[in-house]
Amino acid sequence: MRRVALLLFPILLATPVFAASARVGFERVLPAVHDLGPARDLALVHTPGNSDATETFVEFFIDRVNQAGFLHARDARESTGPADAYLTVHSFTCETFNREGEGTARDQDGSRVKRRHVWVDAVCVARVDVRTRDMKQVSSFFGRGDGTSPRVETLSDEETYAALRLAARYAGSNAAERITPRRIREHIQLDESAPAFEEGFGFIESGRIAEARATWEAELRRNPRSAPLHFNLAAVCEALGDRKAARKYYATAAELAPEEHRYTNEMRSFARRQ
């Protein structure tokens, strides 16, 4: 399995989103911080013990991984079956801290009076190892979560349980975020001064971005030095996932109209998005 620092995968939307101004909208996907390479089907096969906190971690970890829609994870601690990668929770530790402080509350007369409150803070940390089909460890990632109980006048086991459950829940969610890609919504405001703008934008409004590109590329042959046309083509090419063409059009727009700062700014934003 290989690790990737940063990749961009634009996804064409069936229906772009617009505000009052003319914009083209699309999604791109950022790979996970801890990239699992081609692995898609994940089996969690081991945890150290089966405490309430551990079970809460597993529950929320699997749920969050599956919610993202890129990977499929399952609890395989008591089952068998092939998977692209096997996950073992190498360690799962939680700490609790009793806290106290002064606050206010209302008495029987409705007046605010000072009260001493106590509560429990908890921190849970998990280390998850990634293993191949022959159970060879290839990498590890971590999840961390913090939890706080309600503030009360006297502590009980209930407050400790509540803080630990929250910490384990957030640790599971945090661990899932480490290995799941993330969708990001982008919108680029088009330049309405470009030739044939209305014709091309009409296609965009109906979700036919490829036809908008074809319309504006045909117009570009008649107006090869139109910076707005180059800029709009850059935007639709990026929305279509053609990064090479988008880069070329952004650069040409900025070169033809160096005084138009939004061309330069969007070109820099495009570079960051890559």
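## Chatting through helices, cores and salt bridges

Student: Let's start with H3. Which side of H3 do Glu198, Glu199 and Glu205 sit on, and are they buried or exposed?

Tutor: Before anything else, keep in mind that this is a predicted model. Those three, Glu198, Glu199 and Glu205, are exposed, on the other side of H3 from its buried residues.

Student: And which residues of H3 are buried?

Tutor: In H3, which runs over residues 197-205, the buried ones are Phe197, Gly200, Phe201, Phe203 and Ile204. They lie on the same side of H3, because the arc they cover around the axis is only 150°.

Student: What covers the buried residues of H3?

Tutor: The cover includes strand S1 (23-30), helix H4 (209-222) and helix H5 (227-240).

Student: What does Gly207 do just after H3?

Tutor: Gly207 takes a positive phi there, of about 80°.

Student: You mentioned H5 as part of the cover. How many of its residues are buried?

Tutor: H5 is mostly covered, with 13 of its 14 residues buried.

Student: What span should H5 have, and how far apart are its end C-alpha atoms?

Tutor: At 1.5 Å a residue, the 14 residues of H5 should span 20 Å, and the end C-alpha atoms are 20 Å apart, so the two agree. Just past the end of H5 there is another glycine with a positive phi: Gly241, at about 90°.

Student: Switching to the cores. Which residues touch the most other members in the largest nonpolar core?

Tutor: That core has 31 residues, and the ones touching the most other members are Val24, Ile188, Leu190, Ile204, Trp216, Tyr249 and Tyr250. At least two residues of this core come from each of S1, H3, H4, H5, helix H6 (243-256) and helix H7 (261-273).

Student: Which element gives the largest share?

Tutor: H5 does, with nine residues of this core. Ile204 is a nice link back to our start: it is one of the buried residues of H3 and also among the core residues that touch the most other members.

Student: What lies apart from that core?

Tutor: Another core, of 30 residues, lies apart from it; Ala39, Ala53, Val65 and Ala168 are among its members.

Student: OK, charges now. How many salt bridges does a search of the whole structure find?

Tutor: The search finds 22 salt bridges. One of them pairs Glu27 with Arg183, whose closest N and O atoms are 3.6 Å apart. This pair links distant parts of the chain, since Glu27 is in strand S1 and Arg183 is in strand S7 (residues 182-189), 156 residues apart.

Student: Is Arg183 buried, exposed or partly exposed, and why?

Tutor: Arg183 counts as partly exposed, because its relative accessibility is 42%.

Student: What about Arg222 and Glu219, how do their side chains meet?

Tutor: In a salt bridge, with 2.7 Å from N to O. Arg222 and Glu219 are three residues apart in helix H4, so about one helical turn separates them. Arg222 is exposed, with a relative accessible area of 58%, whereas Glu219 counts as buried at 13% relative accessibility.

Student: And which residues do salt bridges with shared partners join into one network?

Tutor: Glu55, Asp75 and Arg77 are joined that way.

Student: Last one: how far apart are the closest N and O atoms of Asp146 and Arg144?

Tutor: They are 3.2 Å apart, and Asp146 forms a salt bridge with Arg144. Asp146 is partly exposed at 42% relative accessible area, and Arg144 is partly exposed at 46%.

Methods. Residues are numbered from 1 along each chain as its sequence is written. This is a predicted model: local features need pLDDT of at least 70, side-chain atom pairs count only at pLDDT 80 or more; totals for chains, interfaces and linings use all residues. Side-chain values use heavy atoms; hydrogens and water are left out. Buried means under 20% relative accessible area, exposed over 50%, partly exposed in between (1.4 Å probe, protein chains only). Helices (H or I, at least four residues) and strands (E, at least two) are DSSP runs, numbered from the N terminus. The arc is that of the directions from the helix axis to the C-beta atoms. Contact means heavy atoms within 4.5 Å. A nonpolar core is a set of buried Ala, Val, Leu, Ile, Met, Phe, Trp, Tyr and Cys residues joined through side-chain atoms within 4.5 Å. A salt bridge is a side-chain nitrogen of Lys or Arg within 4 Å of a carboxyl oxygen of Asp or Glu. The expected span of a helix is 1.5 Å times one less than its number of residues.
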